[in-house]
Amino acid sequence: MAANQEVFLSGMYKEYFLDYASYVILERAVPGIIDGFKPVQRRILHSMKQMDDGRFHKVANIIGQTMQYHPHGDAAIGAALVNMGQKNLLIDTQGNWGDIHTGDSAAAPRYIEARLTKFALEVAFNPQTTEWQMSYDGRKKEPINLPVKFPMVLTSGVEGIAVGLSTKILPHNFQELIKASIKILEDKRFKIYPDFQQGGMIDVSEYNDGKRGGRVKVRARIEQIDKNTLAIKELPYGVTTNNLIDSVIKANEKGQIKIKKITDNTAKEVEVRVDLAPGVSPDVTMDALYAFTNCEISISPNACVIINDKPHFLTVSEILKICTAQTKELLRLELEIKKSELEEKWHMSSLEKIFIENRIYRDIEECESWEEVLIAIQEGLEKFVVTPKDKPKKTDKRIRLLRDITEDDLVRLTEIKIKRISKYNTFKADELIAKIEEDLKQVKYDLAHLTEFAIAYYERLLEKFGKGRERRTEISAFETIKVRQVVANNAKLYVNYKEGFIGTGLKKDEFISECSDISDIIAFTKDGKFKVVRISDKVFIGKNIVHAAVWKKGDDRTTYNMIYVDAGTGKSMAKRFNIKSITRDKEYDLTKGVKGSKALYFAANPNGESEKVQILLSPTCSAKKKNFEFDFADLAIKGRASQGNIVTKYPIRKVSLIEKGKSSLGSEKIWMDEVSGRLNKDERGIYIGAFDTGNQIIAIFKNGTYEIQDLDLNKKFDADQLLEIKKWDNDVISAVYYEGDKGWVMVKRFQVETSKVGERFSFITESKGSKLYMATLHKEPMVSYSIKAKGAKQEKSLNLKEFIDVKGWKALGNKLEEAKILKISLDSKAEEIVGHSTSIEAVKNVENEDAPKSKNETTKETSTKSKKDDSLTAGDTIEFDF
C-alpha cells in the first residue's frame with residue numbers, strides 16, 4: 001500500500017461488517033425453510049448418506065467426511081451431530097451419546113457410532129430432485145437444500161444467534177404436525193403447540209403462534225410421594241437435573257423454600273427427590289419450587305428462517321404451510337420423474353417387442369455400413385408403429401408411440417444379445433408392458449389428484465413412523481403463583497413497642513411472628529396512626545406501638561376494631577375497618593387528625609370477628625352511668641378513612657374486652673379448581689361450601705381413604721383421585737367396596753371418629769384386591785347396581801341406610817354380594833344431601849376386567865359434569881377397574 005493512500009475506516013467497517021453478518025446469518029445460525037437445516041446439519045446428513053451402507057459408522061469418521069463440505073473445525077461438526085443424534089429422529093445412535101436430562105456430554109467421537117434412520121432415508125434424500133452446488137474448495141458437489149418432504153424445522157426445533165438477529169423455534173409433536181399438514185391440504189383450520197422430549201407441562205396461552213413477542217411457560221412435573229417428600233419426575237425444556245438442583249439449593253439458601261435434603265436418583269427416568277423440613281406444607285413447597293427455581297421457566301420463541309437468501313420472521317403456522325406446499329411440490333416432481341421413467345420404459349419395451357417379434361434384426365444382415373443398419377431398423381419399425389408427428393387413420397392398427405424414434409433407440413436395439421433374442425418370451429413381454437401401462441395410469445391419476453396423494457403420503461408416514469411419538473408435554477393453563485403466598489418464612493419479626501421499632505434484628509425485644517424477607521409489616525401507634533413498611537433489620541414506625549403484624553395486600557377478612565378519643569371535641573369514637581391497599585412507607589391517620597387524639601382500644605381480628613367490650617368512664621365526669629358495654633357487632637365495617645360512631649362524650653378511664661363474637665363478615669364461599677385442585681374464592685371450579693371460623697373440609701378419595709383438612713387456600717388436592725369433597729358437618733359416609741380377602745362386596749356406614757387433621761385414614765380393608773366401588777355423603781343413599789351371577793347379568797337396587805346401621809369407621813360392614821359388581825349408580829331418591837356436597841367423579845365408567853362378559857356385552861363410557869351445590873344425582877354411574 002502506498003504511503004500516501006487514504007483508507008476510510010467507516011467504509012471498511014460498513015462493508016466488512018455486512019459481509020460478516022450476512023455470512024453468519026445465511027451459513028451458520030439460521031435454518032433454511034426448504035429443508036429446515038442449518039448448513040452444518042445439511043452437510044452432516046449429506047455425508048452420512050454418501051457413507052450409508054446400512055451399518056453404523058464411527059462419529060469421528062463422519063466428522064472427517066463432513067469436513068470435505070464444511071469449512072469449520074471438527075468440534076462444531078461433532079457438537080451439531082450429537083445434538084441431532086439426541087433428538088432420536090434422523091440419526092440412529094450407538095454408544096454413550098450423553099443425556100439431555102442430566103446434561104452429561106457424549107463420549108469422544110472415536111467411541112460412538114451413528115447411521116441414518118429409515119425415516120431420514122425416506123423423507124430427506126432424492127438425488128433426482130436435489131439442486132447441487134460445488135463445495136467451498138471446488139472438489140465436491142453438495143446439495144443447496146435437501147429435498148425434505150417433512151416440516152423438519154418444526155419437528156426438531158432450532159436455536160441460533162447470528163449478527164443482529166436470532167432464531168428460536170421450539171420443537172413440535174411429530175404426530176400433530178402430520179395431522180396439521182393433512183388439515184392444511186384439506187383446507188381446514190389447525191393449531192400446533194410445542195412438545196418436548198423431556199415431557200413436563202406447558203402453558204401456551206401466550207404462545208402467539210411462535211412469533212416474536214409471544215412466550216410459553218414450561219414446568220417440571222412434581223409428584224407428592226408423602227407429606228414429607230416431593231419427587232420431580234419430568235423436567236422443563238432446556239433444564240437439566242444439575243442446574244435444577246442448583247436452583248433449588250440456591251432458593252433454599254435464600255430461605256425462599258425450606259427443604260431438608262435433595263437427591264438426584266435419575267437413571268433411565270428422571271427422579272429428583274426433595275425431602276421437606278419438618279412442618280413444611282408440600283403444597284406450598286410445590287408452588288414455591290415453581291416460583292423460585294428452574295421448575296418453571298419462561299421461553300420466548302422467535303421463529304426466523306431463511307427464504308430466498310433472506311431472513312424472515314414467521315409464525316409456526318406459516319412455516320408449516322410453506323413446508324406442506326414444499327412437500328406437495330416435491331411429490332409432484334417425483335411423480336413427474338416416475339412418469340417420464342415409465343414412459344421411457346414402455347417406449348423401449350414396445351420397440352424391443354416389435355424388433356424381436358417381427359424379426360427386424362434379419363433386415364440388417366445385408367447392410368454393409370453402420371448407417372445402413374440404422375436405416376434398415378428405422379424402416380422396419382415404421383411398418384408397425386406410429387409416432388406423434390404422423391397422422392394415421394382411425395383404422396390404422398399400428399402401435400402409437402409416445403415420442404419419436406431417436407438414433408439412441410436404434411443403437412440400443414442393436415445392442416440386444418442373440419441369447420436374449422433366442423429366449424424372448426412374448427407372453428412375459430406383454431405382461432411387462434401391461435404392468436408398465438397400469439403403473440403409468442396410476443401415476444397420471446396421482447398427478448391429477450395431487451392433494452389426495454399428498455394426504456395419503458402423510459398418512460403413510462404417520463402409520464409407519466408415528467408409533468411411540470405421542471405427545472409427551474401436557475398442555476395446561478398455569479395459575480399465577482403469588483410469590484408472597486408461597487415464599488417460606490425465613491425470618492423472625494420483633495418489635496420494641498415503647499421505642500417504636502420493628503425488624504428482624506431486634507432479637508432482644510418481643511417476638512411477634514415468623515415472616516419472609518419480602519413481607520410487608522403493618523404497625524399501629526398510640527396516637528391513632530399506622531404505616532406499612534418493607535421488612536428489614538430495624539425500622540422506626542413511631543413511639544408507643546400498640547399492634548404490629550405481617551400485612552397482606554387485598555386482605556378483606558382482617559378487620560380492625562378501634563376506639564379513639566378526638567382531641568378536638570373530647571368525644572370517643574368507635575370504628576371498624578379493613579386495610580386492603582396502601583402506599584408503602586406513608587403514614588396514615590385513623591383519627592380526625594387533631595393533634596392530641598389517641599387510641600383507647602385497638603384489636604385486629606383475622607376473620608372479621610366482632611367484640612364486646614366494657615367501658616369504664618372517669619369517676620369525676622357528670623355521666624349518670626359510668627360503666628356500660630359496647631358491642632362492635634353494631635358497627636358496619638368501613639374504610640380506614642371513616643371517622644366512626646360516637647361511643648360517649650365523656651372521658652373514658654378504661655376499655656376492657658368482655659368476649660369475642662362471631663365473624664360479622666358472614667361465611668366465606670369456597671370453590672376448588674378441577675384442574676389444579678387448588679381451593680379458591682374466585683368461583684373457579686366446583687363449589688365446596690360456605691365456611692365460617694373453625695369449619696373444616698372432608699375429602700373422600702378413590703383408593704378408599706378420607707381426610708379432614710382445615711380451610712387453607714394454599715392447599716391443593718389431587719383432583720384426579722378425589723371422589724367427593726365438601727364442608728364437613730360430621731356427616732355419615734356410606735360406602736360400597738370389594739373385600740379382597742373374603743371376596744365379598746361389603747357395605748358400611750360410619751361417622752368420622754379420627755381427630756388428626758391432614759392425615760388420610762383408610763376405611764376399607766388393606767387386603768390384596770380390596771377396592772372401593774363408591775362412597776357418598778348423602779343422607780338417603782339409594783343405589784342401583786348390576787352383577788354377573790350364574791352366567792347372567794342381574795340388576796338390583798338397595799337403600800344403604802336401611803341395609804346397615806352406622807358403625808365404627810374401622811368396622812368391616814355387612815356382606816352385600818359374593819360376586820363382583822359390574823356397575824353401580826346413585827338413584828334419584830338419594831338427592832337429599834348434607835350441606836353442600838360436590839362429587840368430583842359424578843360419572844366414572846371403567847371396565848371391570850376380572851368380571852366375565854358375554855361376547856355381545858360392552859360397557860359404555862358416559863360422563864357428566866359436577867354440579868354446584870349438588871352431589872351424585874339420578875343415573876350417575878361409577879364403574880371400577882380391577
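Two strands count as paired here if DSSP finds at least two bridges between them. With that rule, turn to this predicted model. Four strands make up an open sheet, ordered β10-β11-β13-β12, and their pairing is antiparallel. β10 (221–226) and β12 (259–264) are the edge strands, each paired on one side only. On average, neighbouring strands of the sheet are turned by 20° against each other, direction ignored.

Look next at the β12 edge. Five bridges join β12 to β13 (residues 272–276), and the two strands run antiparallel. One residue pair helps to locate this pairing: I259 has L276 in β13 as its bridge partner.

Now add the helices. Helix α8 spans residues 241–253 and packs on the sheet. α8 touches β11 (229–234), β12 and β13. The direction of α8 makes about 170° with that of β12. Helix α9, residues 282–292, lies across β10, β11 and β13. α9 runs at about 155° to β10.

Turn finally to helix α2, which covers residues 39–51. What span do its 13 residues reach, from the first C-alpha to the last? The span is 18 Å, close to the 18 Å expected at 1.5 Å a residue.

How much of α2 is buried? The helix is mostly covered, with 11 of its 13 residues buried. Buried means under 20% relative accessible area. From the start of the helix, the buried residues are P39, V40, Q41, R42, R43, I44, L45, H46, S47 and M48, together with M51. Among them are R42 and R43 as well as I44 and L45.

How values were computed: Residues are numbered from 1 along each chain as its sequence is written. This is a predicted model: local features need pLDDT of at least 70, side-chain atom pairs count only at pLDDT 80 or more; totals for chains, interfaces and linings use all residues. Side-chain values use heavy atoms; hydrogens and water are left out. Axes are lines fitted to C-alpha atoms, for helices over the stretch in contact, and angles run from 0 to 180 degrees between N-to-C directions. Contact means heavy atoms within 4.5 Å. The expected span of a helix is 1.5 Å times one less than its number of residues. Buried means under 20% relative accessible area, exposed over 50%, partly exposed in between (1.4 Å probe, protein chains only).
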